[in-house]
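Colleague: Could you take a close look at one part of this model for me, the second largest pocket, and then walk me outward from there?

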Amino acid sequence: MRILLAEDDTSIADGICASLRHGGHAVDHVPSGSLADAALREHDYDLLVLDLGLPALDGSEVLKRLRGRGNGTPVLVVTARDGLPERIRVLDLGADDYLVKPFALAEFEARVRALLRRASSQGKPELLLGQLRLDLPGHRAWIGQRPLELTAREFGLLEALATRPDRVTSRTQLIDALCDWDQELTDNGLDIAIHRLRRKLRGSGTGVRTIRGLGYLLEQSDDATDESA
Ligand code: CA
């Protein structure tokens, strides 16, 4: 999943980034409200973790603008501002959950999991393609009853393809889904990840097809061992 973190406190941001990345997510971090607003207009995120006291543009204004555009991205507000009226105000602006600083990272992680699970169960709780079964929030995959051992990158790749069934996903879209701003994925790196994923999908009845010049398609097929790049 790709997550945007808007937080101006460097030490809190570092802790949150490390925890989310450890959980296999791609995280973009911005230290101001105006940068958060710009990032949300430019990219699709699976979750926004939003501090309220941000420079340049207050977090509640970022949230108001996001919902004003009809954008339903799940939002977890993390703030030092406590008190019932403040909590009600933020939830009424469209936040999905609220956590008061200081908080334990374990609780933060549990709330992130709950929000991602809720968001994905509004779509599909599990994705099924042939013998292949994907638990998106749990980051797990199976071929029939056999668990598939995938790296975080391979799972992200499979997820990006599986959530766009029967549609071609371009290389740019894949790189965008897999990488945050601090990471780089070269063309070669993407080719390697696709090659490895294809090998692991052998026997699943589902394969990654190359659509030349356009991108890739996850589809049910008998020739799931197609290795053409
Ligand atoms: Ca702050």
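Modeller: Sure. Keep in mind that this is a predicted model. The second largest pocket has a volume of about 220 Å³. Two elements give two or more residues each to its lining: helix H1, residues 10-22, and helix H5, residues 105-123. Of these, H5 is the top contributor to the lining, with four residues. If you want to click through the wall yourself, select Ser19, Leu20, His22, Gly23, His25, Glu109, Val112, Arg113, Leu116, Pro137, Gly138 and His139. Sorted by class, that lining comes out as four nonpolar, six polar and two charged residues. Both domains take part: domain 1 (2-120) and domain 2 (127-228) each supply at least three of the lining residues.

Staying with H5 for a moment, look at Ala106, which sits in that helix. Ala106 is exposed, because its relative accessibility is 53% and the cut-off for exposed is over 50%. Measure across to Ser19, one of the pocket-lining residues, and you get 9.1 Å from C-alpha to C-alpha, although Ala106 and Ser19 are 87 residues apart in sequence.

Now step back along the chain to the loop between strand S5 (97-100) and H5, where you will find Pro102. The peptide bond leading from Lys101 into Pro102 is cis, with omega near -5°. That deserves a glance, because most peptide bonds are trans. While we are on backbone oddities, go to Ala56, in the loop between S3 and helix H3 (59-68). Its phi is near 75°, a positive value in a residue that is not glycine. Most residues other than glycine have a negative phi. Ala56 is also exposed, since its relative accessibility is 67% and anything over 50% counts as such.

Strand S3 also brings us to the metal. The calcium ion has three protein donors, Asp8 (OD), Asp51 (OD) and Gly53 (O), at 2.2 to 2.4 Å from the ion. Along the chain these donors follow the spacing D-x42-D-x1-G. Asp8 belongs to the loop between strand S1 (2-6) and H1, while Asp51 is in strand S3 (residues 47-51), so the two of them tie together parts that lie 43 residues apart in sequence. How buried or exposed are these two aspartates? Asp8 is partly exposed, with a relative accessible area of 36%, whereas Asp51 is buried, at 4%.

From Asp8 you can slide back into strand S1, which holds Ala6. Ala6 is buried, because its relative accessibility is 0% and the limit for buried is under 20%. The C-alpha atoms of Ala6 and Val78 are separated by 9.5 Å, with their positions 72 residues apart along the chain.

Next, the inside. The largest nonpolar core has 45 residues, and within it Phe108 and Leu157 touch the most other members. Helix H6 (residues 152-162) supplies the largest share of this core, six residues. Domain 1 (2-120) and domain 2 (127-228) both contribute residues, so the core lies between them. That goes nicely with the pocket, whose lining also draws at least three residues from each of those two domains.

Two loops on either side of H6 round off the tour. Leu148 is in the loop between strand S9 (146-147) and H6, and it is buried, with a relative accessible area of 10%. Its C-alpha atom is 12 Å from that of Arg196, and the two residues are 48 apart along the chain. Asp166, by contrast, sits in the loop between H6 and helix H7 (171-178). Asp166 is exposed, at 68% relative accessibility. From Asp166 to Ile143 the C-alpha to C-alpha distance is 20 Å, for a separation of 23 residues in sequence.

Methods. Residues numbered from 1 in each chain as written. Predicted model: local features only at pLDDT ≥ 70, side-chain atom pairs only at ≥ 80, totals over all residues. Heavy atoms only, no water. 1 Å grid on protein atoms, 1.4 Å probe; cavity = no way out; pocket = protein on both sides within 12 Å on 5 of 7 lines; lining within 4 Å. Points joined across faces, edges and corners; volume = space filled by probe spheres on them. Nonpolar A, V, L, I, M, F, W, Y, C, P; charged D, E, K, R; others polar. Domains from an automatic or database assignment. Donors = N, O, S within 2.8 Å, 3.2 Å for Na, K, Ca; no water. Buried < 20%, exposed > 50% of the residue type's maximum accessible area, 1.4 Å probe, protein only. Core = buried A, V, L, I, M, F, W, Y, C linked by side-chain atoms within 4.5 Å.
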